[in-house]
Amino acid sequence: MVLKWFLNHQWKQARRSPFWQKSLAINIVLGFFVLLILLELLGLGLLLNTILSERYPDQDLVMIFNSVLLYYLAIDLILRYLMQSLPVMAAEPYFHLPDESSRINFFLPSTSLLKNSSKLS
C-alpha cells in the first residue's frame, strides 16, 4: 500500500517536472534522437558478431567482447556514482507521517536507482 502511494507521488512529480513543460517541438526532436539512438544500438547488437569477426578474424570473439565489456562496466559505475542525485529532499515530507521510517529508507535508494538508470539509458 505504501509503495503504491510512493510510486503515485513519484509519477506525479515526474509528470509535473519542468522538462515536460518545454515546447512540443523540442520534445519531438528529443524523441527523434532517442529513437535514432535506440535503432543504432539495435543495429549494433545485431551486427556486432560480423563486425568483430571482420576486425579480429583469428581470435575468440567472446573474449574480445568481454574484455571491452569490463571497461564499459567500470566506466558506467564511475559515471553513475558521479552523476547520482539522492532524492532526500523528495522524501522529507514523508518523515513526519506515522509510517515506519524503514519503508521510506528502503524507497529512497530504489527511486534513485530507477531514476539514474532511466537517465543514462
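Student: Which residues make the nonpolar surface patch of about 1100 Å²?

Tutor: The model is a predicted one, and the patch in question covers about 1100 Å² of its surface. One of its members, L44, is found in helix α2, which runs over residues 24–55. The full set making the patch is V34, L35, I37, L38, L39, L41, L42, L44, L46, L47 and I51.

Student: Is L44 buried, partly exposed or exposed?

Tutor: Buried residues have under 20% relative accessible area and exposed ones over 50%, with partly exposed in between. L44 has a relative accessibility of 43%, and therefore the class that applies to L44 is partly exposed.

Student: How far apart are the end C-alpha atoms of α2, and what span should its 32 residues have?

Tutor: The expected span is 1.5 Å times one less than the number of residues. For the 32 residues of α2 this gives 46 Å, which agrees with the distance between its end C-alpha atoms, namely 43 Å.

Student: On which residue is the kink in α2 centred?

Tutor: The bend at a residue is the angle between axes fitted to the seven residues ending there and the seven starting there. In α2 the kink comes to about 55 degrees, and its centre is a residue that also belongs to the nonpolar patch, namely L47.

Student: Which residue forms a salt bridge with D76?

Tutor: Side chains of opposite charge can pair when their charged atoms come close. The criterion asks for a side-chain nitrogen of Lys or Arg within 4 Å of a carboxyl oxygen of Asp or Glu, and by this rule the count comes to one salt bridge. In the pair formed by D76, the closest N and O atoms are 3.2 Å apart, and the partner is R80.

Student: In which helix do D76 and R80 both lie?

Tutor: The two residues are four positions apart, about one turn of the helix. An α-helix has 3.6 residues a turn, so residues three or four places apart point the same way. The helix that holds both D76 and R80 spans residues 61–83 and is α3.

Student: Why does α3 lie largely in the open, and how many of its residues are buried?

Tutor: R80, a member of this helix, counts as partly exposed at 27% relative accessibility. Of the 23 residues of α3 few are buried, so the helix lies largely in the open, the number buried being two.

Student: What percentage of the 121 residues in the protein chain is buried?

Tutor: The chain has five helices and zero strands, and its accessible surface comes to about 10400 Å², of which 71% belongs to carbon and sulfur atoms. Across the 121 residues, the buried share is 13%.

Conventions
Residues numbered from 1 in each chain as written. Predicted model: local features only at pLDDT ≥ 70, side-chain atom pairs only at ≥ 80, totals over all residues. Heavy atoms only, no water. Patch = residues over 30% accessible without salt bridge, like charges linked within 9 Å, V, L, I, M, F, W, Y side chains within 5 Å. Areas by Shrake-Rupley, 256 points an atom, 1.4 Å probe, with all protein chains shown as cover. Buried < 20%, exposed > 50% of the residue type's maximum accessible area, 1.4 Å probe, protein only.
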